[in-house]
Amino acid sequence: MTRISIELVPRSRSGLRAELATVAEHLPGADTINIPDFPRFSTRSWHGCGFARPRYRAIPHIRAVDLNPREPLPMAAHLEEHGIDEIIVITGDAPSDMSAKVYNVDAEAAIRRIRRELPHLKIYAGLDPYRQSLSREQDYLERKLEAGACGFFTQPFFDLRLMDAYADLLPEGAEVWWGATSVTSEGSEGYWRTRNHAVFPRQFQPTLEWNRRFAGELLTFARERGQHAYFMPIKADVVEYLGGIV
């Protein structure tokens with residue numbers, strides 16, 4: 001059965017609670033909340049996921065570079081307390097000003113450690129169709145599965161044809177969460193092109209109408225394959241973006 005997740009950024013606890021209430025009221029098809037981790041915010045991803053429980057299944061993002069190999073996993077007790085049994089593990093970027101302590105730990109190493117220390121957790125890894133060649137990304141995905149991941153959250157896609165190419169390469173049985181985000185300005189489009197090297201189709205338009213249409217197409221794509229979908233409403237009202245779709 002296809003699950004639908006909404007990605008919410010924990011800028012503040014009050015803001016996150018308000019967004020959760022909005023999703024509950026207006027997006028009845030959403031059954032999961034996934035929350036990225038930003039060390040600059042006081043609310044870490046696993047704390048934010050605690051607010052989403054028990055109404056939603058909740059999936060925090062865990063940054064490998066934040067995990068001190070010589071200390072206990074910082075989120076373990078909180079996950080257990082709130083009944084959170086799924087996580088996403090990414091390598092994570094070092095802070096631009098190097099103000100926070102990070103470690104030489106990548107996603108593969110973190111997945112292996114978490115699988116060993118918290119074997120009851122379902123671990124997802126990241127799939128980025130823009131960072132390297134398709135064959136190299138395929139090899140990287142296979143290494144993450146060997147490390148203990150069960151599937152992947154993708155970077156947001158903007159083109160169904162590229163999604164279809166990756167769908168054919170994914171190992172059989174891997175769970176996939178296909179992602180979409182709202183890009184509704186030329187500035188936002190430029191950010192995704194230059195920072196993330198995202199691929200946009202020729203017919204792309206940075207309008208709410210185009211993004212809503214693509215969100216519906218991505219959800220259909222996921223459902224046809226028995227996979228999942230998540231939506232990242234950046235700088236767009238979540239109801240205007242997804243109302244009537246989710």
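This text leads through a few parts of the structure, from a strand and its partners to a helix, some loops and the cysteines. The model is a predicted one, in which local features need pLDDT of at least 70 and side-chain atom pairs count only at pLDDT 80 or more, while totals for chains, interfaces and linings use all residues. Residues are numbered from 1 along each chain as its sequence is written, and side-chain values use heavy atoms, with hydrogens and water left out.

A good place to begin is strand β8, residues 228-232. Helices (H or I, at least four residues) and strands (E, at least two) are DSSP runs, numbered from the N terminus. Five of the five residues of β8 are buried, where buried means under 20% relative accessible area, exposed means over 50% and partly exposed lies in between, with a 1.4 Å probe and protein chains only. In a regular strand the side chains alternate between the two faces of the sheet. In β8, H228, Y230 and M232 point one way while A229 and F231 point the other way, and all of them are buried.

Strand β8 has partners, and two strands are said to pair if DSSP finds at least two bridges between them. Strand β1 (residues 4-7) runs parallel to β8 and is joined to it by three bridges, with I4 standing opposite A229. Strand β7 (residues 175-181) also runs parallel to β8, here with five bridges, and W178 of the chain stands opposite A229 in β8.

Helix α1 covers residues 13-26, and because each residue should add 1.5 Å, its 14 residues should span 20 Å, which agrees with the 20 Å between its end C-alpha atoms; the expected span is 1.5 Å times one less than the number of residues. The buried residues of α1 are L16, L20 and V23. Seen down the axis of α1, these buried residues fall within an arc of 60°, so they line one face of the helix; the arc is that of the directions from the helix axis to the C-beta atoms. That buried set packs against β1, β2 (32-35) and α2, with contact meaning heavy atoms within 4.5 Å, whereas S14 and E25, on the other side of α1, are exposed.

The loops hold some details of their own. In the loop between α2 (45-52) and β3 (57-63) lies P54, which a cis peptide bond joins to R53, with omega about 0°. N68 lies in the loop between β3 and α3 (76-81), and N68 counts as buried because its relative accessible area is 11%. The side chain of N68 reaches the backbone nitrogen of R70 at 2.9 Å. Leaving aside neighbours within four places in sequence, N68 is in contact with Y103 and R113. Further along, K235 is found in the loop between β8 and α9 (238-242), and K235 has a positive phi of about 55° although it is not a glycine. K235 counts as exposed because its relative accessibility is 81%.

Finally, the cysteines: a disulfide is a covalent bond between the sulfur atoms of two cysteines. Here a disulfide is taken as a pair of cysteine sulfur atoms within 2.5 Å, and the structure holds zero of them. Why does C49 not bond with C150? The sulfur of C150 is the closest cysteine sulfur to that of C49, but at 15 Å it is too far for a bond. C49 counts as buried because its relative accessibility is 0%, whereas C150 is partly exposed, with a relative accessible area of 22%.

Notes:
A polar contact is a pair of N or O atoms within 3.5 Å; within protein, one must be able to donate a hydrogen and the other to accept it, and residues adjacent in sequence count only if both atoms are side-chain atoms.
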